[in-house]
There are 2 protein chains.
Amino acid sequence: MHNKPPTIKDIAQRLHLSISTVSRALRNAGDINPETKKSILQLAEDLNYQPNRLALSLRQNQTNTIGVIVPNLDYVISTMVKGIDEAALEAGFTVIVCQSNESFGREVVNTRRMLNSLVDGFIISISSETKSNEHFKVLSEREIPFVVFDRVIPDLLASSVILDNEEGGFIATEHLIEQGYKKIAILAGPQTLGISNSRLEGYKKALKKHDIKYDDELVIYCDFNQEFAFYATEELLSSKKRPDAIFTISDRMAIGAMLAIKKKGLKMPEEIGLVGFNNEPSLALFSPSISSVEQPSFEIGKLAGKIFIEQFLNNDFSNHKEVILKPKLVIRESSVRMTRKGN
Amino acid sequence: MHNKPPTIKDIAQRLHLSISTVSRALRNAGDINPETKKSILQLAEDLNYQPNRLALSLRQNQTNTIGVIVPNLDYVISTMVKGIDEAALEAGFTVIVCQSNESFGREVVNTRRMLNSLVDGFIISISSETKSNEHFKVLSEREIPFVVFDRVIPDLLASSVILDNEEGGFIATEHLIEQGYKKIAILAGPQTLGISNSRLEGYKKALKKHDIKYDDELVIYCDFNQEFAFYATEELLSSKKRPDAIFTISDRMAIGAMLAIKKKGLKMPEEIGLVGFNNEPSLALFSPSISSVEQPSFEIGKLAGKIFIEQFLNNDFSNHKEVILKPKLVIRESSVRMTRKGN
DNA sequence: AATATTGCCGGTAACGATACCGGAAACGTT
DNA sequence: AACGTTTCCGGTATCGTTACCGGCAATATT
């Protein structure tokens with residue numbers, strides 16, 4: 001039923017040439033008379049010829065497509081994906097994105113699915129539920145190239161592009177200390193996740209540097225989730241060891257914490273300070289506006305894309321690059337009590 | 001270099017059978033001895049055989065993939081895409097998403113690109129910049145099936161799934177009227193976009209029903225954009241005809257308006273009411289929380305997916321279905337001045 | 001017993017493209 | 001004149017899969 005798109009065969013028949021000749025002309029290969037070539041290109045243009053990518057991929061065993069596997073598409077990750085997109089576009093690659101929805105099962109299914117000759121390799125950020133690497137080990141065994149970013153996979157050999165999460169935890173905590181907060185709690189993420197632990201490490205490091213005793217009752221592990229953060233904060237605030245500042249390792253959690261703080265009627269930043277992580281745009285709109293650790297998401301994605309493509313084209317995935325980018329603290333009202341509050 | 005995945009040929013050789021027989025076994029076709037079939041399936045399982053989708057698609061001229069073209073991936077649209085995803089998954093289809101970033105050029109490029117035998121058809125929501133249909137007319141000419149959703153394409157014949165935007169504008173406006181607001185302004189979107197106009201129509205309809213005179217100085221056309229809304233609201237508030245309520249046709253715009261209102265020092269909802277559109281989750285967190293028109297985004301996406309697949313499988317795209325779903329008003333603090341403000 | 005019907009299997013062409021090889025004609029070289 | 005070189009083109013195999021046809025037994029039908 002479809003009005004089928006033209007193929008090189010159509011062109012060949014119309015010009016009374018062989019498909020080989022047409023193919024050479026369109027590929028800019030040699031062995032061809034300039035005149036012949038010109039007429040072929042002309043006709044191809046007229047017919048609006050586009051090569052069939054399926055046939056090409058099948059023949060060349062290469063799809064020029066990158067599979068991107070992410071746990072979700074929140075603000076940070078979707079920005080990273082845009083970065084990957086840009087790198088891919090520049091190199092003539094296509095990107096297919098699959099959300100695992102933080103589910104291990106879907107991560108496996110999606111990987112398998114894309115593996116059926118649809119992609120040349122993967123760029124991966126694991127789901128928070130993912131504890132095993134088995135399904136990625138398959139990639140290694142079959143020598144399918146991949147690069148990891150954002151959330152890396154422990155014990156898995158591959159190039160990686162990540163944030164210096166420890167540094168992020170450190171600058172946030174040190175900032176709170178410098179603002180005179182004494183009892184700083186941290187809402188850390190799930191213990192299974194590397195980024196959680198790194199940010200927690202940074203927190204510890206800052207405390208140590210400023211001779212503040214580490215108190216594990218001020219450390220709450222909870223899901224990357226506004227609600228959990230809300231309840232965790234409520235509990236913290238009514239405990240004996242009520243903190244005078246909270247550092248949350250995501251902005252969603254910061255918002256949950258802020259709601260709990262407001263409900264309790266505490267003044268921010270006077271009575272309690274707050275710093276989040278990711279610097280989502282809406283943070284500036286809250287009142288008080290919320291300080292946060294910003295990460296160069298777009299760059300992380302773009303770099304991951306570039307590294308993948310570079311290694312793919314050179315067919316060299318044995319040299320593992322490890323890029324670590326630095327975060328930046330964006331200071332807003334929620335954590336500044338030394339100076340007068342701005343407008 | 002790749003440890004190449006097994007093919008039916010490998011299976012055939014190992015069992016001393018022909019590829020035809022193996023193919024039949026795996027496809028559950030007839031003409032096969034149960035014993036033979038069993039051994040083939042067993043070996044396929046052991047080798048973790050997965051059919052090569054490229055070859056399949058090339059052979060069958062069908063990819064089981066749907067191209068989804070969207071202007072961006074904001075909250076509403078990404079929810080819709082999740083709906084499409086679910087419908088596709090249930091039917092064994094794969095989804096490829098391309099953001100046009102509200103750019104006409106990228107929309108065209110992406111469409112062309114996916115058209116090169118990568119997708120069976122499209123599910124489309126146009127970019128706000130898109131004025132011409134030319135690149136989609138190509139689809140019609142080549143009889144490539146597509147379904148439109150959310151933002152429809154005027155004068156283009158296809159099934160569609162959309163929100164009753166007029167109704168949305170109507171219930172938001174009527175709500176404000178019932179709350180006693182008299183001079184209600186509207187921040188409408190770009191005039192080129194159908195959904196803007198429909199919501200504006202609803203607004204007019206509500207005014208008319210309640211015998212309020214329509215005043216076009218209270219209608220501001222501006223981009224779907226927080227900043228534009230901010231400046232537009234500032235202007236509105238300092239004009240002679242200062243409104244006592246504002247209806248914005250997106251939540252982003254509502255947030256912009258709210259910032260301008262706060263800056264001006266007006267009390268909400270007492271001195272000025274506000275209703276947004278889309279019901280993004282963060283609205284509940286602002287103070288005051290913001291009322292908004294909710295749309296069944298997930299259902300819209302899922303329906304669009306289902307309709308596409310159904311029509312595709314029946315090979316019937318001549319009967320154009322038109323589904324229109326109803327919005328729902330979510331009332332929060334920003335627009336309620338009759339009763340006492342909640343906690 | 002001759003024929004028709006099944007059950008089961010293999011061979012081959014095709015989907016659209018590229019890679020490799022071989023060959024005819026035109027030219028240049030001794 | 002005989003040979004080697006270019007230039008330009010066509011034929012064929014191939015990627016992994018399915019569709020179609022044909023064929024050979026074994027069984028069923030008359």
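These are my notebook entries on one helix and one DNA strand in a predicted model.

**Ground rules.** Residues count from 1 along each chain as its sequence is written, while chains are lettered from A and ligands numbered from 1 in the order in which they are written. In this predicted model local features need pLDDT of at least 70, side-chain atom pairs count only at pLDDT 80 or more, and totals for chains, interfaces and linings use all residues; side-chain values use heavy atoms, without hydrogens or water.

**Helix α9 of chain A.** I looked up residues 194–209, a helix of 16 residues (helices are DSSP runs of H or I, at least four residues; strands are runs of E, at least two; both are numbered from the N terminus). Which residues of α9(A) are buried (under 20% relative accessible area, 1.4 Å probe, protein chains only)? I found I195(A), S196(A), R199(A), L200(A), G202(A), Y203(A), A206(A) and L207(A). They sit on the same side of α9(A) because they cover an arc of only 155° around the axis, taken from the directions from the helix axis to the C-beta atoms. On the other side, I noted that K208(A) and K209(A) are exposed (over 50%). Just after the helix, D211(A) has a positive phi of about 55°.

**DNA strand C.** Next I checked chain B against the DNA. A polar side-chain atom of R24(B) is 3.1 Å from a base oxygen of strand C. For phosphate oxygens of strand C, I found one 2.9 Å from a polar backbone atom of N33(B), and one 2.7 Å from a side-chain N or O atom of T36(B).

Definitions and conventions. Expected span 1.5 Å × (residues − 1). Polar contact = N/O pair within 3.5 Å; in protein donor to acceptor, adjacent residues only side chain to side chain.
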